[in-house]
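Q: Please take a close look at a single strand of this protein, and describe how that strand sits among its neighbours.

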Amino acid sequence: MSYFTLQHVKKYMIKQSPQEDLRVNQTSFSWEGRINEISNQGVTQSFMSDGDFNRIKISFLNPKQISDQNYILEIQDKNKNALRRIEFSSNNITSSKMHTFKIKKINVECKQRYYLKIYPKQEYTQNIGVNSALYSLYNQYKEAPDYYPEGQLYHKENMLKNNDLTFLVLNECTDSTFSPYVFFSIWGALIIIEIKISIYFSKNIIGDRRKK
């Protein structure tokens, strides 16, 4: 009888790699535009998601003189009820680099509207900024490209026309693929071990019984 089954080697024959799937109808992604300072009332972007998501990536501008400030990032439903709330510090923000927020997965049954809101935990004289796509010189747009169809940017509670925050809504998961090379390598090694064990038992255990 074999001492090993497929269950013993199953975890070794699966190759895993992280995958990130974009969950919004974002047509392009450009850093050309304007930096909107996050006001005390906050900055809000509505967007439509057509799939589950568990990651938000966004770029901030954090002047060197700003430190020890605390902010709140909220994911809200269509009625602006908070679904997820994350507190973060300006100390952890690197200017003009994407910052990833890991959130508990939000399940989207069908295409739904959500709101991303960022606001300071308390009132500050100066706040960090967030990038918005106002225009793109490279593509010679006369108006700002619509990064989030059916989405709107709200700054200081006022809606800004032809303007979107440049951020990503993603679903990160682990993609598992069958690795026959690893499987057969380990399976072959196990067979060799089994043969050696059988030979050992045959020579020592069975041999000793025959001598008796």
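A: What follows is a description of one strand, its partners and the sheet to which they belong. This is a predicted model, in which local features need pLDDT of at least 70 and side-chain atom pairs count only at pLDDT 80 or more, while totals for chains, interfaces and linings use all residues. Residues are numbered from 1 along each chain as its sequence is written, and side-chain values use heavy atoms, with hydrogens and water left out.

The strand in question is E8, residues 112-120 (strands being DSSP runs of E, at least two residues, numbered from the N terminus). Seven of its nine residues are buried (under 20% relative accessible area with a 1.4 Å probe, protein chains only), so E8 is largely enclosed by the rest of the structure.

E8 belongs to an open sheet of six strands with antiparallel pairing, in the order E6-E5-E8-E3-E10-E11, where two strands pair if DSSP finds at least two bridges between them. The edge strands, each pairing on one side only, are E6 (82-89) and E11 (158-160), and the twist averages 20° from one strand to the next, with axes taken as lines fitted to C-alpha atoms and angles running from 0 to 180 degrees between N-to-C directions.

One partner of E8 is E3 (residues 43-49), joined to it in antiparallel fashion by seven bridges, with Phe47 standing opposite Tyr114 of E8. Another is E5 (residues 70-76), which pairs with E8 over six bridges, again antiparallel, and here Tyr71 stands opposite Pro120 of E8. E5 is in turn joined to E6 by seven bridges, running antiparallel, and Glu74 stands opposite Arg85 in E6.

Key
Buried means under 20% relative accessible area, exposed over 50%, partly exposed in between (1.4 Å probe, protein chains only). Helices (H or I, at least four residues) and strands (E, at least two) are DSSP runs, numbered from the N terminus.
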